[in-house]
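Hi everyone, thanks for coming. I'd like to walk you through one model today, so please have a look at the slide.

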Amino acid sequence: MNPFVGYVKGMLKKLAVFTLVVTLILFLCGYSRFIGGWLVGSGLNLVYFLMLSSRSARAVAMPPAQAVAFIRAGALLRLMTIVLALIVITQIPAIHFGAAVAGILSFKVLIFLEPLAKHIYSK
């Protein structure tokens, strides 16, 4: 299997498990009002990661100058997707805005924790 595809599949599994674990914790601690926002934000996070992975995979086969332009356009597209989704979220009172933002940022948390976990488990 292509290492990149393996990484993407692994990260998608980690994101899904992290989403479910946090959802369960929110439910058990009585913070069910945050679950909708958390799930929406985590869903946006998955879409963001899939968009990022797709662009990255396609850019590998391009000449460097074209790949740079392609990646920059993808970054703008991903940013606009998140901004527009957050604007829509602010109009839906049932979705907690802070929880949605936390769900979107959960990818960054996993990116930070991944090398930390590898370091701890390697000892």
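I'll start with the ground rules and the overall fold, then go through some side-chain pairs, a few single residues and the surface.

This is a predicted model, so local features need pLDDT of at least 70 and side-chain atom pairs count only at pLDDT 80 or more, while totals for chains, interfaces and linings use all residues. Residues are numbered from 1 along each chain as its sequence is written, and side-chain values use heavy atoms, with hydrogens and water left out.

Let's begin with the fold. The protein has four helices and zero strands, and along the sequence the pattern reads α-α-α-α. Helices here are DSSP runs of H or I with at least four residues, strands are runs of E with at least two, and both are numbered from the N terminus. The C-alpha trace spans about 50 × 45 × 20 Å along its principal axes. Of the 123 residues, 29% count as buried. For that word, buried means under 20% relative accessible area, exposed means over 50%, and partly exposed is in between, using a 1.4 Å probe and protein chains only.

How do contacts spread along the sequence? Taking contact as heavy atoms within 4.5 Å, 65% of the contacts between residues at least 6 apart in sequence join residues at least 24 apart.

Now to the rings. A search of the whole structure finds three aromatic pairs, and I'll show you two of them. The rule takes rings of Phe, Tyr and Trp (for Trp, its six-membered ring) with centres within 6.5 Å; planes under 30 degrees apart are stacked, over 60 edge-to-face, and the rest tilted.

One of the pairs is F18 with W38, which is edge-to-face at 6.0 Å centre to centre, with 65° between the planes. This pair links distant parts of the chain: F18 is in helix 1 (residues 3-28) and W38 in helix 2 (residues 35-59), 20 residues apart. Are the two partners buried or exposed? F18 counts as partly exposed, at 22% relative accessibility, whereas W38 is buried, at 6% relative accessible area.

Another pair is F49 with F107, which is tilted: 5.0 Å centre to centre and 45° between the planes. Here F49 in helix 2 meets F107 in helix 4 (residues 97-122), and they are 58 residues apart. Both F49 and F107 are buried.

Staying with F107 for a moment, let me bring in N45, which is found in helix 2. N45 is buried, with a relative accessible area of 2%. Leaving aside residues up to four places away in sequence, N45 touches L15, G103, I104, S106 and F107.

One ring also has a charge over it. The charged end of R55 sits over the ring of F70, 4.1 Å from its centre. The cut-offs are NZ of Lys or CZ of Arg within 6 Å of the ring centre and within 35 degrees of the ring normal.

F70 turns up again around A59, a residue of helix 2. A59 is buried at 9% relative accessible area, and, not counting residues up to four places away in sequence, A59 touches A67, F70 and I71. The C-alpha atoms of A59 and A69, ten residues apart along the chain, are separated by 9.4 Å.

What about salt bridges? If we ask for a side-chain nitrogen of Lys or Arg within 4 Å of a carboxyl oxygen of Asp or Glu, the count comes to one. E114 forms this bridge with K14, with the closest N and O atoms 2.9 Å apart. E114 lies in helix 4 and K14 in helix 1, so the pair ties together parts 100 residues apart in sequence. E114 counts as buried at 17% relative accessibility, while K14 counts as partly exposed at 39%.

Last stop, the surface. The protein exposes about 8,000 Å², and carbon and sulfur atoms supply 76% of it. Those areas come from the Shrake-Rupley method with a 1.4 Å probe, and for residues only the protein chains shown count as cover.

Which residues make up the nonpolar surface patch? They are L76, L79, M80, V83, L84 and I87, with about 540 Å² of accessible area together. Patch members need over 30% relative accessible area and no salt bridge; like charges are joined within 9 Å, and nonpolar side chains (Val, Leu, Ile, Met, Phe, Trp, Tyr) within 5 Å. Of these, L79 is found in helix 3 (residues 64-90).

Q66 lies in helix 3 too, and counts as partly exposed at 46% relative accessibility. From Q66 to I87 is 21 residues in sequence and 32 Å in space, C-alpha to C-alpha.

That's my tour, and I'm happy to go back to any part of the slide.
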